[in-house]
Amino acid sequence: MLKYAMIGGGPGAFVGQVHRRALALNGQAKIVAGCFSRDLVKTRLLGAELEIDEDRLYATPEELARLEAGDIDFAVVVTSNEAHYSNVKTCLENGINVMCDKPFTHTSTQAQELVELARRKGLALGVSYTYAGYPMVRQMREMIRRGDIGEVRFINCEYPQGWLAEMLETTGHIQASWRADPKRSGGVLSLGDVGSHIEYLVPHVTGLRRTKLAARLDTLVEGRLLDDNGTILTEYEGGAKGMYWYSQAATGMVNGLRLRIFGSEGGLEWFQEDPDHLRHMPLNQAARTLVRGTTDLTPEAAAYSHTPPGHPEGWLLAFANIYSDFCATIIQGKEPNYPTGEDGLRGVRFIEACLESSHNNTSWIDLGDSES
Ligand SMILES: NC(=O)c1ccc[n+]([C@@H]2O[C@H](COP(=O)([O-])OP(=O)(O)OC[C@H]3O[C@@H](n4cnc5c(N)ncnc54)[C@H](O)[C@@H]3O)[C@@H](O)[C@H]2O)c1
């Protein structure tokens with residue numbers, strides 16, 4: 001059993017408890033220490049609930065990293081975005097492996113520094129792009145890799161949510177307040193929050209490197225300081241084209257992440273709200289629906305599948321799958337099969353390129369080496 005500490009994820013926080021539940025599902029790691037909040041009283045409150053020894057509950061992440069180094073196998077960073085960089089850095093400096101949530105950092109300079117630090121110290125550094133953990137996403141990836149849809153020509157990915165279709169950030173809503181604050185979120189709102197998932201998912205599934213993009217970031221809700229909607233045109237090595245749409249002001253939508261990929265021999269479609277099904281549309285043949293848990297899946301998809309077909313799996317198990325790969329690297333020294341710091345760095349560069357394009361009248365930006 002590995003031992004881990006959590007930074008962030010305090011009382012009332014959203015995603016920290018999801019990470020804790022996912023890790024508990026795997027049964028590979030036990031939480032033993034925490035700095036869940038900048039307020040020690042809140043950290044102690046949650047620590048008592050989680051039955052963590054009081055002397056392993058810390059006022060600052062720096063103190064945690066210094067005093068827990070050698071006693072924990074990894075740390076999970078699930079603070080609001082502005083604290084990712086300093087918290088990951090302090091853990092790595094103290095020799096602690098880290099899983100950090102996305103978007104990785106505010107700037108690509110910070111991300112690059114963390115990637116190099118982890119490399120120098122030989123530490124595992126992950127970024128939890130959750131959707132890579134779904135079995136049918138893995139299935140899609142393997143089908144493209146083995147040529148089932150031929151040469152990829154067009155990719156359409158969208159992630160609309162509607163929970164920010166009104167000015168929630170002025171109502172004291174915890175999660176909306178920091179996400180809509182330029183200093184805390186990192187200069188973008190929805191591009192970092194949901195657009196980042198599209199950014200990671202497309203090259204992960206297709207294996208294609210983006211070469212160019214043109215982005216338009218919109219603010220649909222009056223009074224908001226940052227983007228809550230955006231459209232991005234993309235081009236890939238080999239000539240494929242793509243179109244992304246992300247939004248948190250798409251009134252009525254919840255978690256409508258949808259990925260459609262069209263090749264010379266067929267198409268594939270996956271929808272996050274129906275995650276156990278994958279639609280395969282072979283050229284000149286009837287479309288078929290592949291079902292998670294059935295026997296005709298690739299070994300990679302089957303390895304991520306836990307319950308029989310018809311008993312739906314979802315978000316929590318996707319997180320758990322990412323953690324089981326992360327733990328396998330720590331325990332057995334396996335090559336990373338989870339989203340890494342390098343992926344996080346590419347994601348931050350993507351955000352910077354989108355901002356540059358949008359500020360320049362949606363001009364095309366050559367991504368050069370930033371995606372390699
Ligand atoms: N992978 C996913 O699907 C996914 C989903 C939701 C959120 N996220 C990411 O997870 C992170 C957290 O998001 P959230 O919605 O849970 O935010 P949140 O505001 O609900 O929780 C953040 C927590 O971090 C704590 N915190 C902030 N700064 C801290 C510091 N310096 N030291 C210790 N604790 C600190 C806060 O007290 C709070 O408990 C964000 O980066 C977000 O983008 C990822």
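**Close-up views of a predicted model**

**View 1. Surroundings of G256 in the predicted model.** Not counting residues up to four places away in sequence, G256 touches E158, Y159, P160, F271 and E273. The glycine itself sits in the loop between β9 (241-247) and β10 (258-263), and, because its relative accessibility is 0%, G256 counts as buried. For orientation along the chain, A214 lies 42 residues from G256 in sequence, and the C-alpha atoms of G256 and A214 are separated by 23 Å.

**View 2. The contact of helix α6 with helix α9.** The axes of helix α6 (residues 135-145) and helix α9 (residues 190-206) come within 7 Å of one another and cross at roughly 45 degrees, which means that α6 is oblique to α9. On the α6 side the contact is made by V137, R138, M140, R141 and I144, which meet L201, H204, V205 and T206 of α9. Sorted by character, the residues of this contact of α6 with α9 comprise 5 nonpolar, 2 polar and 2 charged.

**View 3. T43 within helix α2 and its contacts.** T43 belongs to helix α2, which spans residues 40-49, and this threonine is classed as buried because its relative accessible area is 0%, where buried means under 20%. When neighbours within four places in sequence are left aside, the residues in contact with T43 are G34, C35, F36 and S37, together with L57 and Y58.

Key: Residues numbered from 1 in each chain as written. Predicted model: local features only at pLDDT ≥ 70, side-chain atom pairs only at ≥ 80, totals over all residues. Heavy atoms only, no water. Axes fitted to C-alpha atoms, helices over the stretch in contact; angles between N-to-C directions. Helix = DSSP H or I, 4+ residues; strand = E, 2+ residues; numbered from the N terminus. Parallel < 35°, antiparallel > 145°, perpendicular 65-115°, else oblique. Contact = heavy atoms within 4.5 Å. Nonpolar A, V, L, I, M, F, W, Y, C, P; charged D, E, K, R; others polar. Buried < 20%, exposed > 50% of the residue type's maximum accessible area, 1.4 Å probe, protein only.
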